[in-house]
2 protein chains.
Amino acid sequence: MSRVINGHKRVSEANRERVHKAMKELGYRPNSFAQALASNRSNSVGMVVTHISGNFFGPMLHTVEETLRAQGVHLIAASGYDDLEKERDAVRFLLSRQVDALILHTNALPDDEIIELKQQGTRVVVINRFIPELAEDCIRLDNELGGYLATKHLLDLGHKKVAHISGPLLYEDARDRFNGYRKALDEHGVEFDPRLIVEGSFMEDRSMPVIEKLFKRDVEFSAVFCGNDNLALQVYDWLSQNNYIPGDQYSVIGFDDMAFARHLRPRLSSIDFPIITMGKLAAEYALDKDSTRQRNSNLRLEPSLMARDSSANRRC
Amino acid sequence: MSRVINGHKRVSEANRERVHKAMKELGYRPNSFAQALASNRSNSVGMVVTHISGNFFGPMLHTVEETLRAQGVHLIAASGYDDLEKERDAVRFLLSRQVDALILHTNALPDDEIIELKQQGTRVVVINRFIPELAEDCIRLDNELGGYLATKHLLDLGHKKVAHISGPLLYEDARDRFNGYRKALDEHGVEFDPRLIVEGSFMEDRSMPVIEKLFKRDVEFSAVFCGNDNLALQVYDWLSQNNYIPGDQYSVIGFDDMAFARHLRPRLSSIDFPIITMGKLAAEYALDKDSTRQRNSNLRLEPSLMARDSSANRRC
DNA sequence: ATAGTCAGTGTAAGCGCTTTCAATATGCCA
DNA sequence: TGGCATATTGAAAGCGCTTACACTGACTAT
């Protein structure tokens with residue numbers, strides 16, 4: 001009797017037990033499709049991320065999956081590759097799977113389309129992006145603070161010329177980090193020099209040309225704030241290829257504090273991104289059936305500085 | 001009309017078109033639960049891996065997801081943590097989701113239980129493990145060959161004393177790699193010395209004590225073959241903490257050739273594990289509806305040597 | 001004592017598909 | 001032209017559940 005399974009209140013204790021016993025004896029397993037069909041709930045959540053196998057998304061997916069599973073809800077993840085068509089496709093696919101909620105980490109999909117999803121009745125959680133109309137469904141990091149902390153750290157170490165290799169500036173988070181950089185500069189009375197800026201990619205192994213460009217430019221600098229750790233990793237590569245040592249001739253700091261940061265030599269300074277917290281939060285938002293619950297409509301997690309060996313006092 | 005959707009043959013061209021047109025006009029989307037319920041197929045595949053966010057499983061999951069999605073099938077992934085209860089739990093969860101097939105990368109689950117799953121009618125694909133009764137459903141790497149190649153490489157470089165930090169020897173793959181190591185030793189007429197062996201973990205950041213034990217033991221050696229790249233990474237950590245340089249005083253080779261291997265300095269030599277190929281194959285096996293198709297019942301992918309800077313000629 | 005409540009239980013109508021089977025239409029043969 | 005095989009279509013019976021509704025008693029307030 002379905003009332004027992006679903007923990008309906010109006011069932012006598014005696015009967016509840018009888019049913020439970022019978023279920024065990026018969027090895028009964030509810031058919032989740034029949035449940036879904038009849039109740040119009042699927043107990044599944046869809047998530048689209050940039051790339052399932054990313055250093056950043058791995059831990060995120062893991063946390064989300066774990067949190068959902070604890071509630072008997074399953075996760076269907078799809079890669080969007082930051083490409084408009086592919087993101088659309090992923091959403092379409094997940095929707096065709098009747099997910100109860102959608103967790104989106106998309107960069108190409110325009111705000112409108114996301115808002116429309118919500119209007120069509122899908123619960124939506126937006127990660128690392130802010131959409132005013134969906135304010136209560138957005139979870140993001142205070143990227144500006146992160147950029148500020150990173151830059152201030154370098155400035156405090158005595159560096160006057162701090163370069164910045166940003167992520168794609170068409171992404172909100174990359175822009176915010178950049179703004180934090182400028183804010184720190186301003187606060188320290190250092191003049192902004194556009195020659196110290198280049199725009200890279202957040203993905204692995206794509207930004208070498210840009211990094212090279214920066215280092216070969218006719219500007220001096222002694223420190224680099226990288227938009228994320230992948231960029232920092234490539235800066236490491238470049239430095240080592242050119243017989244420099246991070247933290248020595250050039251101080252470098254990354255962003256995200258990915259697992260590999262502390263394994264690099266010298267260990268990479270970075271800005272800690274609370275991925276786990278964010279994943280958990282996203283899953284909880286997604287599970288939040290009646291989104292009646294009052295949510296913080298301007299939720300921003302706080303990053304923090306992880307100073308290690310790649311950032312050191314200015315020498316030359 | 002379902003016959004059109006499912007590409008049934010006996011439909012007139014005219015009607016097929018009429019239906020397609022109507023579907024578009026009405027924005028019709030088939031309900032996947034009703035389909036699943038009526039047809040008893042779910043168009044979903046479950047996968048249990050050790051840890052969703054692992055360096056190894058990320059690319060694997062990604063490939064599997066991509067391959068499945070191209071067929072409109074979705075993937076539900078769950079972590080098993082190499083723990084018997086958790087693996088069971090994951091399987092139970094996936095089964096309750098009526099997956100059409102199960103891709104298993106489990107280490108704790110005994111053979112019997114996996115065989116039983118198959119007997120109960122679930123399509124099963126077993127990764128990185130060999131179960132004779134399920135020979136045609138197993139996809140694995142020739143780990144022994146890998147261990148052999150790694151060790152031979154070090155031996156060829158002139159090292160006489162080659163240590164081995166294995167993965168947990170209760171795992172088949174770890175044992176096979178170890179066997180490959182011994183085989184290479186034998187072939188080079190080098191006597192096996194048990195003092196040069198320690199057993200670590202494949203997971204991140206768990207093997208430092210064991211590594212320390214090896215280096216502090218009263219045996220000399222000039223090269224280490226690590227059971228996987230995570231172990232090699234920790235050897236790097238230990239070496240750097242003790243002011244050694246990999247490839248200099250100690251040659252190091254890992255296994256799996258994870259993405260970070262080529263970013264380490266010195267770049268880590270490793271044994272390439274064709275993760276992508278394996279993921280693709282696993283997905284295809286899982287999709288293989290009528291497993292009538294003759295499969296290779298002893299499929300082993302071949303690893304290959306990626307020699308980089310961490311393995312060098314013996315100096316001292 | 002009577003009507004009104006309500007916890008507890010049984011019943012049946014779907015949810016939106018697939019699939020079987022019967023019904024009709026078409027084409028071919030002698 | 002009749003008869004039969006084959007192509008196409010329509011209709012209906014579920015798939016295994018949820019849920020709205022009707023019903024039974026027992027209990028309470030009048």
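This is a tour of a predicted model, going from chain A as a whole to the contact with chain B and then to single residues in both chains.

**Stop 1: chain A as a whole**

Select chain A and show the C-alpha trace. Along its principal axes the trace spans about 80 × 40 × 30 Å. Switch to a cartoon, and 11 helices and 12 strands can be picked out in chain A. Of the 316 residues in the chain, 56% are buried. Among contacts in chain A with a separation of 6 or more, 68% are between residues 24 or more positions apart.

Now put a surface on chain A. About 14,300 Å² is exposed, and carbon and sulfur atoms supply 47% of that area. Colour the surface by charge: chain A carries 41 positive and 45 negative side chains, and the centres of the two sets are 6 Å apart.

**Stop 2: the contact between the chains**

Show both chains and select the residues where they meet. The selection should hold 46 residues from chain A and 46 from chain B. Together the two chains bury about 4,000 Å² here, with 54% of it from carbon and sulfur atoms. On the chain B side, select B:Phe33, B:Arg69 and B:His263; these lose the most area to chain A and together give 18% of what that side buries.

How many salt bridges run between chain B and chain A? The count is four. To see one of them, select A:Arg69 and B:Asp89, whose side chains meet with N to O at 3.4 Å. Then add A:Glu65 and B:Arg92 to the selection: with A:Arg69 and B:Asp89 they are linked in a network of salt bridges.

**Stop 3: helix 4 of chain A**

Select residues 57-69 of chain A, which form helix 4, and pick A:Glu66 within it. The residue counts as partly exposed because its relative accessible area is 41%, between the limits of 20% and 50%. Next add A:Lys280 and draw a C-alpha to C-alpha distance from A:Glu66. The two are 8.6 Å apart in space, although 214 residues separate them in sequence.

**Stop 4: salt bridges within the chains**

Over all chains, the structure holds 31 salt bridges. Three of the pairs within a chain are picked out here.

Begin with A:Asp257 and A:Arg308, where the closest N and O atoms are 3.1 Å apart. This pair links distant parts of the chain: A:Asp257 is in the loop between strand 9 and strand 10, A:Arg308 is in the segment after strand 12 (304-306), and these positions lie 51 residues apart in the numbering. Are the partners buried or exposed? A:Asp257 is buried, at 10% relative accessibility, and A:Arg308 is buried too, at 12%.

Move to chain B and select B:Arg177 and B:Asp256. Their closest N and O atoms are 3.6 Å apart, in a salt bridge. B:Arg177 sits in helix 8 (residues 172-187) and B:Asp256 in the loop between strand 9 and strand 10, so the pair ties together parts that are 79 residues apart in sequence. B:Arg177 is buried at 3% relative accessibility, and B:Asp256 is buried at 5%.

Stay in chain B for B:Asp309 and B:Arg267, which meet in a salt bridge at 3.0 Å, N to O. B:Asp309 belongs to the segment after strand 12 (304-306) and B:Arg267 to the loop between strand 9 and strand 10, so this pair ties together parts 42 residues apart in sequence. Here B:Asp309 is partly exposed at 37% relative accessibility, as is B:Arg267 at 31%.

**Stop 5: backbone details**

In chain A, go to the loop between strand 9 (251-253) and strand 10 (270-272) and select A:Pro266. The peptide bond joining A:Arg265 and A:Pro266 is cis, with omega about -10°. In chain B, B:Pro266 lies in the loop between strand 9 (251-253) and strand 10 (270-272). The bond from B:Arg265 to B:Pro266 is cis, with omega near -15°.

Two residues with positive phi remain. Select A:Asn128, in the loop between strand 4 (123-127) and strand 5 (138-141) of chain A. Phi there is near 60°, a positive value in a residue other than glycine. A:Asn128 counts as buried because its relative accessible area is 6%.

For the last selection, take B:Asp82, in the loop between strand 2 (74-79) and helix 5 (84-96) of chain B. Phi of B:Asp82 is near 55°, again positive in a residue other than glycine.

Key. Residues numbered from 1 in each chain as written. Chains lettered and ligands numbered in written order. Predicted model: local features only at pLDDT ≥ 70, side-chain atom pairs only at ≥ 80, totals over all residues. Heavy atoms only, no water. Helix = DSSP H or I, 4+ residues; strand = E, 2+ residues; numbered from the N terminus. Buried < 20%, exposed > 50% of the residue type's maximum accessible area, 1.4 Å probe, protein only. Contact = heavy atoms within 4.5 Å. Areas by Shrake-Rupley, 256 points an atom, 1.4 Å probe, with all protein chains shown as cover. Lys, Arg positive; Asp, Glu negative; His and termini not counted. Charge placed at Lys NZ, Arg CZ, Asp CG, Glu CD. Buried area = accessible area lost by both parts, 1.4 Å probe.
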